[in-house]
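Let's take a walk through this structure together, starting with its aromatic rings and ending at a sheet and the helix lying across it.

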Amino acid sequence: MHDGAPIGVEPELDALWASVPCPTLVVDRAGIVRTVSASAEAVLPNTSPGARLQDTADWLWQAHDRLAGAPPGTADTEAVVVSGSLAGRKFDAHAAVLPSGEVVWSLVEDTGQLLRDAQRALAREQERTAFLLEASSVLTASLNVDRCREATVQMAARHLADAAVLVAPAGRGRRLPVFSSFVDGAVEQCSVDADPATVAGLSEALHGSPPVSSGWIDPTSVPEWLVPQNFSGPVGSVMIMTLPGHGVSAGALVLLRHADRPGFSEDDEMFARQFSARAGAALSAARLYAEQAAITRTLMRDLLPPPLHGLHGIEYAGGYRASKDHEVVGGDFYDFHPAATPEDETLVVLGDVCGKGLEAAVMTGKIRNTLQALTPLAASHEGVLTLLNRAMLSDDHTRFATLVLASVAYRDGEVTLRLTSAGHPPPLILRDGGHVEEADTRGTLVGALPQIRVQTFETSLAPGETCVLYTDGVTEARGGPLGGDFFGDQRLADALAQCAGMPAEAVVERVLMLTAQWVGFRAHDDIAVVAITAPRRTHLSAVDGHTRGRYIA
């Protein structure tokens, strides 16, 4: 051995040990590292000649100490193989005793364990991915906020913790809606008057702040209202996640584990954040849908046909069917402006706006609002229609409408009618005995020409007689045996003739039913029908025994 060489190691062997492809250490009997191969530097970056093996890898030192302490010639070095971890990787260490008494430790990485670890990690990620896909599907299946909250805590309790609690943002008051679930899947719902600021991380989560690490939350500080009733034993670990929404937090998700289970790891927190992001998006979508539905209901309230009822002994009934079953309103409409006294005229309006769907419905809303304002002028149907025509022409649209106005009064024991059609099918009058008359009224469209011309028809109704207003969705409904025939004017008149003596509501139902049967499942236009029936106790004398009507040019 010459100067500068490690004790017991021949200098010419240094280059040999340094080039060994397998990570290798040469250690003397006292446990001092004499030589480190270049391939071992990646595994043992802080180990160099002169270092103590005990400071490098305790598990390897213990095996070396046993081997070095054995009497010479008694140790079977071929059988000395120990296993342990270095830098997070598992190795098998094989021993070889040199003639000098030093021990060569060759480190062979346990690839089988690596493969098993990789397989377990892959299986875990596949399971989590499947769960997240299932969560997205389940949570987005319902646009009901409460059902979405229930699904959130149920899935979180089964897959993320022993119990889950969802704290929703407080409403107008201070009470917090709370949804909780245990592993059995049952959901408890209540509201509590509590301050979320008293729970570490809860107030921040409700305001959308990043989650506080579960290690910072003292499980003994969790209040009783955050622990489900069927959660037995003390809380061992707590995780609080925000449910991120569209600019506003959808709430906070609190995950609880029993004291006898391992606490939440960083990996658990990352997985919980992925689930919370999906739950928050689903809850925000459900909340936005609920808000939009409430707004829609408010706006639709003024677009829906009004309920008709008897007034001053006169029966009024109406029916409407949109062109599509999923639509509530469309281009056909009717309206009702009741009179204060029987002698005053009640105004009934039925119309058809060009087009279908929501755009047509919006136009009907404008027309109805305009007519509402013009009701005090209804003594002149032509004046009302002229003003409405001007309003529609001045508006920025290209739609037009057909209308029929009916002014109804009960004077001197008679039900009088004034009927005016503006481009609309004239009303039909069902007389006593089943005879059907067509009101002699006609006029131009509203909203199409600068000037309109109309002709008003006046008549009266005998007890039980009915005036029927309808849109062309009835007469132009295609169907029948061949599927392409119109329901037609004559078929409607024949149907009304069979309704003699029926109440107004029954007449409307009859017309709608026959039209629906004629159309079947085929596409059709909007349909609207209104019936006005004179009280059966009224005694009216016929002018000519048949028709009591005149028209005004």
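Searching the whole structure turns up five aromatic pairs, where rings of Phe, Tyr and Trp (its six-membered ring) pair if their centres lie within 6.5 Å, and planes under 30 degrees apart count as stacked, over 60 as edge-to-face and the rest as tilted. This is a predicted model, in which local features need pLDDT of at least 70 and side-chain atom pairs count only at pLDDT 80 or more, while totals for chains, interfaces and linings use all residues. Residues are numbered from 1 along each chain as its sequence is written, and side-chain values use heavy atoms, with hydrogens and water left out.

One edge-to-face pair joins F487 and W518, at 5.9 Å centre to centre and 80° between the planes. The two residues are 31 residues apart, with F487 in the loop between β22 (485–486) and α11 and W518 in helix α12 (residues 504–519); helices (H or I, at least four residues) and strands (E, at least two) are DSSP runs, numbered from the N terminus. Both F487 and W518 are buried, meaning under 20% relative accessible area with a 1.4 Å probe, protein chains only. F487 has a charged companion too: the charged end of R491 sits over its ring, 5.9 Å from the centre (the cut-offs are CZ of Arg within 6 Å of the ring centre and within 35 degrees of the ring normal).

Now for the sheet. Five strands in the order β11-β23-β20-β16-β17 make an open, antiparallel sheet, with strands pairing if DSSP finds at least two bridges between them. Because β11 (315–321) and β17 (436–438) each have a single partner strand, one side of each is left without a neighbour in the sheet. Within it, β16 (residues 428–430) and β20 (residues 466–470) pair over three bridges, and I429 stands opposite C467 in β20.

Key:
Buried means under 20% relative accessible area, exposed over 50%, partly exposed in between (1.4 Å probe, protein chains only).
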